[in-house]
Amino acid sequence: MPTPRSSTTSRAKTDDEQGGEQVYNTFQGDGGPAVGAFFNQALYAIKFRDPNIVISNYLNEESQILYDRDPQRRVREVAPFLSLDSQMYPAVVDDQMVWVVDGYTTTAEYPYAQSVDLDATVDDSQTDPNATASNRERSANYMRNSVKATVNAFDGSVTLYTWDTEDPILKSWSEVFPDALQPASEISGELMSHLRYPADYFKARRQILSTYHVTDADDFFTQQDFWQVPPDPTVPAPTNPDGGAGQQAPRPPMYLTMQMPDEERPRFTLSSSFIPSEGQNVLTGFLAVDSETGGTEGNPADSYGDMTLLRPPTSNPVNGPGQVQATFNAEPNVSQALNLLQQGASEVINGNLLTLPVGGGLLYVRPVYLQSSQTGGGTQYPLLQMVLVSFGDRIGFAPTLDEALDLVFGGDSGASAGDAEVSDSDAPSGTADAETGEGTVEEGDGEAPAEGEEPPADGERAGSRRRRHPQRRLDQALTDMDTAVADSEKAMAEGDWAAYGDAQDRLADALNRAVQANQELGGSGTPAASDGGGEG
């Protein structure tokens, strides 16, 4: 739609009132063709089949029309010789927001090189290749991240920066379009600090590595040691037309700040894992690339792009992501903790399953979020409720990562996750051993110690302070049942059926909690009636 220079309005709010007065803003950019002349207006009215472009009183002689508003499409229009990354990301540079888009030079004509299907390569549980297929070549055996492009979010202006100064294909295009590309030296330090290693480029390299890590010719042709990217176990498999389960999408690579072995400090990295292409779902490799560009004008950090491959010993297999997720799902103590979270009108949401190198091994971390269901009438914002951690056969779960790490490593883990003071008193915590089946589950409620109970010692983890005895939960459930019955009767007498339905839901929830607490106390599973004689 046309954007007049003097008629754009926006609603403003001040600190001392809910709504401010109407504020007029004048567009100062130069992001589109002029439509001040009637001839231009008529042409664009025909193009967009919109007569308002001609008859609107908001247009004046300085009006412009802005279209192709998608940042990737704008880059593609400016530089059709580039393939673009599936992802783009915003950054604030010099007090302006820009979109950063990674551009590749690709060809399928490089001699004696393995071609890859880029659509299949970029596909994972978070990326739909069909959505961005028009922005890249479908197949390539040569691919370099030669350009970093920025698109100004205000006026749509596109700037192309040369990133790979040695790329011969980009040099050729620079000869054809000498003014299209800015030299890498023009990248400001502020912009440099926001740049990162592109995900699609990493996916293509890990795809090649999954095969060509094999250096023995006999092993290569027998394909005994080929790898694959593991499926994402946190995302359900799609359903085929015949009703059967389809193939799960691969796990996406993750941007994480972590410290790799032999590194002096944590770095911003992009990482992924491998499992055998055939056989058990054990971890065969962990690949990470340094994605930290630094903040030096015109020059990325020296370590940018360095790749590290960790290969666990075959004599001591490390569980793959699928095995870890299956353990989380099957472990009774974890299931009990998740069932406690699901009480009431709430929905449990699994976060990404993360893999981190820790202490000579690999640590798995998965956050669990709780969100009120639509029927519960609560807000629809997911809140971090529990963190699951797995190291070897040991599992720990707690409201915070600090607590979960302490549980897994049997005391003070020595790690500081920065969330030790952030805790939810209603979240459960505990441990599980996947090999022996031993473990504990503790449900917290933030209550003060009961009479005669000693307060926790200094340094005792927060999970111990939130322990609730089943008898207390049973008493509370019976009280809630009485309240729900009274509310039901009152609502029925008043003919308020919405309130009656809500009270019945609370009654069912209280009954379930009472049955569970009674079972933990060694009862038959049917609680005794409360003093009020509540009946459903």
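Trainee: How many bridges join strand β10 to β11?

Mentor: This is a predicted model, where local features need pLDDT of at least 70, side-chain atom pairs count only at pLDDT 80 or more, and totals for chains, interfaces and linings use all residues. Residues are numbered from 1 along each chain as its sequence is written, and side-chain values use heavy atoms, leaving out hydrogens and water. Strand β10 (residues 158–162) runs parallel to β11; a strand is a DSSP run of E with at least two residues, numbered from the N terminus. Two strands pair if DSSP finds at least two bridges between them, and the number joining β10 to β11 is two.

Trainee: Which residue in β11 is the bridge partner of Leu 160?

Mentor: Strand β11 covers residues 181–182. In that strand, the bridge partner of Leu 160 is Leu 181.

Trainee: Which are the edge strands?

Mentor: The sheet is open, has five strands with mixed pairing, and follows the order β5-β6-β9-β10-β11. An edge strand here pairs on one side only. That describes β5 (83–93) and β11.

Trainee: Why is strand β24 largely enclosed by the rest of the structure, and how many of the five residues are buried?

Mentor: Ser 429, Thr 431 and Asp 433 point one way from β24, while Gly 430 and Ala 432 point the other way. Both groups are buried, meaning under 20% relative accessible area with a 1.4 Å probe, protein chains only. Strand β24 (residues 429–433) is largely enclosed because the number of its five residues that are buried is five.

Trainee: Which residue stands opposite Thr 431 in β25?

Mentor: Strand β24 is joined by four bridges to β23 (residues 394–398), antiparallel, with Phe 397 opposite Gly 430. With β25 (residues 439–442), β24 also pairs in the antiparallel sense, over four bridges. In β25, Thr 431 faces Thr 440.

Trainee: Which residues touch the most other members of the largest nonpolar core?

Mentor: A nonpolar core is a set of buried Ala, Val, Leu, Ile, Met, Phe, Trp, Tyr and Cys residues joined through side-chain atoms within 4.5 Å. The largest has 34 residues, and those that touch the most other members are Met 258, Met 386, Leu 388, Val 389 and Phe 397.

Trainee: Which strand gives the largest share of this core?

Mentor: That share is six residues. The strand, covering residues 361–372, is β21.

Trainee: How many residues has the other core?

Mentor: It lies apart from the largest core and includes Val 100, Leu 118, Phe 274 and Val 289. Its residue count is 26.

How values were computed. Buried < 20%, exposed > 50% of the residue type's maximum accessible area, 1.4 Å probe, protein only.
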